[in-house]
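Please examine the sequence and the structure shown here before reading on. The paragraphs that follow lead from the overall fold to particular residues and their surroundings.

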Amino acid sequence: MYATLNAVVRIVAAALLIYAAAQKLAAPRSFRSTLAALRIPHVVFVSVSVPLLELTAGFALLSMPRFALTAVLVAGLGVTFAAAGALVLIRGTRVKCSCFGQADGGDLGLRQIAMLPMWGGVAALAIWTPDRSPAGPELAIGVTLALSVFAVLKVVPLTRKNREYMQAMVPE
């Protein structure tokens, strides 16, 4: 039972991370505006780095969960998300969250802080993945491929839509 629950939690967390990364990469302006509102230096670099780290953590949860690096990536992202929420609360400002791209209409704040224990739990479960977990290499490869296809299907239309929007904004 523990092995199944462990696998389900890791797969769901991986799907969330991969989906969030795909949304940020498909519509980078939304995420960059969030970073700018947070007054994060090197916005362009960070706007590319965070989604790449999310993709890496998501795929690592599926394919190599027992590596310490996987747990460090997941926990580190959780701390980063919570820090962004805390920064907004400390400053007393409102910043639109683009955690899941343009579709996310919420504000940064308590939600990101409240999710920190969940990300810590996912990191711990990754380390304590049983040897005979149902999410073995075959399942991990299958889920990784499925999530990759899903991410591409989400990214391509959003990229086209973003390009059309940008072309409409530029006078000819």
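In which helix does L25 lie? L25 belongs to helix α1, which covers residues 2-26. The model in which this residue is viewed is a predicted one. Within it, L25 has a relative accessibility of 36% and therefore counts as partly exposed. Together with V44, V48 and L52, L25 makes a nonpolar surface patch of about 310 Å². The most to this patch is given by helix α3, residues 43-63, with three residues.

The wider setting may now be described. The secondary structure of the protein chain consists of seven helices and zero strands, and from the N terminus on the elements run α-α-α-α-α-α-α. Of the 172 residues in the chain, 39% count as buried. Among the contacts with a separation of 6 or more, 74% are accounted for by residues 24 or more positions apart. The chain exposes about 9700 Å², and carbon and sulfur atoms supply 72% of that area.

Helix α3 deserves a separate look. With 21 residues at 1.5 Å a residue, α3 should span 30 Å, and its end C-alpha atoms are indeed 30 Å apart, which agrees. Several residues of α3 are buried, including V46, V50, L55, A57 and L61.

Attention turns next to the interior. In soluble globular proteins, nonpolar side chains tend to be buried together. The largest nonpolar core here has 19 residues, of which L17, A57, L61, V74 and W119 touch the most other members. Helices α1, α3, α4 (68-91) and α6 (116-127) each supply at least two residues of this core. A second core, separate from it, has six residues, among them A84, V88, V95 and L108.

W119 offers a view of the contacts made by one core member. When its neighbours within four places in sequence are left aside, W119 is in contact with A13, L17, V74, G78 and F81. Another residue to consider is G121, which lies in helix α6. G121 has a relative accessible area of 30% and is partly exposed. Although G121 and V74 are 47 residues apart in sequence, their C-alpha atoms are 9.5 Å apart in space.

Charged side chains complete the picture. Side chains of opposite charge can pair when their charged atoms come close. How many salt bridges does the structure hold? There are two salt bridges. In one of them, K24 pairs with E54, and the closest N and O atoms are 2.7 Å apart. K24 lies in helix α1 and E54 in helix α3, so this pair ties together parts that are 30 residues apart in sequence. Both K24 and E54 are buried.

R94 and D107 also form a salt bridge, with the closest N and O atoms 2.6 Å apart. Since R94 and D107 both lie in the loop between α4 and α5 (110-114), the pair ties together parts that are 13 residues apart in sequence. Are these two residues buried or exposed? R94 has a relative accessible area of 71% and is exposed. D107, by contrast, is partly exposed, with a relative accessible area of 33%.

Terms used:
Residues numbered from 1 in each chain as written. Predicted model: local features only at pLDDT ≥ 70, side-chain atom pairs only at ≥ 80, totals over all residues. Heavy atoms only, no water. Patch = residues over 30% accessible without salt bridge, like charges linked within 9 Å, V, L, I, M, F, W, Y side chains within 5 Å. Areas by Shrake-Rupley, 256 points an atom, 1.4 Å probe, with all protein chains shown as cover. Salt bridge = Lys/Arg side-chain N within 4 Å of Asp/Glu carboxyl O. Helix = DSSP H or I, 4+ residues; strand = E, 2+ residues; numbered from the N terminus. Buried < 20%, exposed > 50% of the residue type's maximum accessible area, 1.4 Å probe, protein only. Core = buried A, V, L, I, M, F, W, Y, C linked by side-chain atoms within 4.5 Å. Contact = heavy atoms within 4.5 Å. Expected span 1.5 Å × (residues − 1).
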